[in-house]
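Please open the structure in your viewer and keep the selection panel at hand. The tour below proposes what to select at each stop.

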Amino acid sequence: MIRFLTAGESHGKALSIIVDGFPSNLKIAKDYINSHLKRRQVGYGRGLRMKIESDVVEILSGVRFGKTLGSPVSFIIRNSDWENWTERMDHETKSKNVEKISIPRPGHADLTGISKFNLDDIRNSIERSSARETAARVAAGSVARRFLEEFGISVGSYVESLGGIYPENDFFVDLLNNNLTKKFNAWSLAQQADKSDVRVLDKSQEAKIINKIKKAKKQGDTLGGTFIAVATGVPVGLGSFTQYDLKLNAEIAHSIMSINAVKGIEIGGGFISSDLLGSENHDEIIIKDNVLSRKTNMAGGIEGGISTGLPIIVRGSMKPIATLMNPLTSVDLHTMRQVESRRERSDFTAVPACAVIAESMLAWSLAKYFLSKFDGDSLEEIKDNYNSYTKKLHSRIKKNFG
Ligand code: EPS
């Protein structure tokens with residue numbers, strides 16, 4: 001079973017990450033992880049913080065001469081902003097210059113955090129609930145992604161809509177209709193999206209979105225959006241219907257919903273499916289390139305909690321950033337009077353980043369379920385297990401029913 005844990009405050013010294021359970025002999029390089037960290041940082045609409053940070057990992061353990069040892073892999077990502085926060089984030093002494101925050105921002109974890117943890121300063125809640133932590137997820141997800149690549153599985157994402165602006169020709173429809181070329185892989189989709197400042201696939205949509213972000217910024221407002229994450233090359237048989245907590249769709253939903261500000265997830269046709277007739281919705285079974293397949297992919301690559309071998313299709317929604325420069329109403333907990341909420345430096349939108357984080361979490365979930373099916377201590381042992389299952393799958397079905 002793979003696991004990861006992250007630690008670190010947004011304006012603390014560093015984020016730290018422990019990734020446990022991957023086999024030995026997996027090639028992993030710092031530059032590879034850093035390239036994915038960079039993808040998370042770009043995107044029009046981020047605030048000033050992203051000009052301060054340029055995220056890179058330092059590997060602390062678990063890797064020697066470019067390969068995993070089978071022991072826990074640990075990293076840190078330093079926060080460059082830390083040097084501006086040493087007094088406010090001091091581990092020992094509180095100086096009297098440090099302002100105590102008493103006005104919770106609507107939509108952030110400020111009020112729930114101080115209520116639950118019995119805190120007397122909202123800063124103590126802001127720091128860990130901040131989406132800064134998602135840099136650590138991308139580092140952990142990069143190990144999972146590297147592992148999946150060994151088996152021809154790739155993960156990618158793009159922004160479908162931002163601020164309610166959708167593309168004219170939505171590629172999501174092509175995904176559901178399974179109108180994909182044989183060469184289609186999720187990573188090439190991600191690379192295409194990476195060329196856009198807001199990670200969309202449609203150029204005319206990009207210009208409209210950037211204008212909308214500019215307008216929101218001027219008005220002191222923020223925006224959310226929807227993103228699509230896809231995985232290709234996933235073998236038939238990850239996940240199970242035998243227990244509620246073994247279903248692959250439930251695992252993925254958990255992963256995606258755990259991302260800061262994500263409020264919705266669909267697999268395949270999702271909510272659209274509920275409006276269709278059965279005859280319109282279900283994916284007819286066919287033989288394609290000599291193997292069993294489906295005509296369409298409304299199921300999003302999962303039937304009965306088990307992967308079908310078709311692309312896994314995930315659609316998520318991110319709410320607008322909760323920190324507004326033109327603030328909503330709140331209550332000052334010090335005076336218990338109604339006031340304007342606090343302004344604090346933040347992003348105007350972070351949907352492009354959210355899509356990259358969704359890729360990382362999807363990669364994590366797939367690696368977890370892949371390993372529960374094909375596990376071994378070394379990469380070579382896992383490859384043997386994988387090959388013996390996948391190479392014989394079709395002939396076994398034929399033999400059983402022949
Ligand atoms: C965040 C607020 C902003 C974002 C931050 C998440 O940070 P700051 O308060 O320092 O301006 O930039 O995201 C990141 C630092 C990051 O790496 O993604 C929040 O309140 O959630």
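The tour visits a sheet and then a ligand.

The model shown is a predicted one.

**First stop: the sheet.** Select strands β8, β9, β15 and β10, which, in that order, make up an open sheet with antiparallel pairing. At its edges are β8, residues 154-162, and β10, residues 262-267, each of which pairs on one side only. On average, neighbouring strands of this sheet are turned by 20 degrees against each other, direction ignored.

**Second stop: one strand pair.** Keep β8 and add residues 225-232, which form β9; eight bridges join the two strands in the antiparallel sense. Within this pair, select S154, which stands opposite T232 of β9. Next, display residues 186-194: this is helix α7, which packs on the sheet and touches both β8 and β9. The direction of α7 makes about 40 degrees with that of β8.

**Third stop: the ligand.** Select the ligand and then the residues that surround it: H11, R40, R46, R49, M50, H108, S130, A131, R132, R345, S346 and D347. This shell comprises six charged, four polar and two nonpolar residues.

Which polar contacts can be picked out here? Start with R40, where a polar side-chain atom lies 2.6 Å from a ligand oxygen atom. Move to R46, whose side chain has an N or O atom 2.7 Å from an oxygen atom of the ligand. At A131, select the backbone, in which a polar atom is 2.9 Å from a ligand oxygen atom. Finally, show the surface of the ligand: taken alone it exposes 470 Å², of which the protein buries 93%.

How values were computed
Residues are numbered from 1 along each chain as its sequence is written. This is a predicted model: local features need pLDDT of at least 70, side-chain atom pairs count only at pLDDT 80 or more; totals for chains, interfaces and linings use all residues. Side-chain values use heavy atoms; hydrogens and water are left out. Two strands pair if DSSP finds at least two bridges between them. Helices (H or I, at least four residues) and strands (E, at least two) are DSSP runs, numbered from the N terminus. Axes are lines fitted to C-alpha atoms, for helices over the stretch in contact, and angles run from 0 to 180 degrees between N-to-C directions. Contact means heavy atoms within 4.5 Å. A residue is near a molecule or strand if one of its heavy atoms lies within 4 Å of it. A polar contact is a pair of N or O atoms within 3.5 Å; within protein, one must be able to donate a hydrogen and the other to accept it, and residues adjacent in sequence count only if both atoms are side-chain atoms. Accessible areas come from the Shrake-Rupley method with a 1.4 Å probe; for residues, only the protein chains shown count as cover. Ala, Val, Leu, Ile, Met, Phe, Trp, Tyr, Cys and Pro count as nonpolar, Asp, Glu, Lys and Arg as charged, and the others, Gly among them, as polar.
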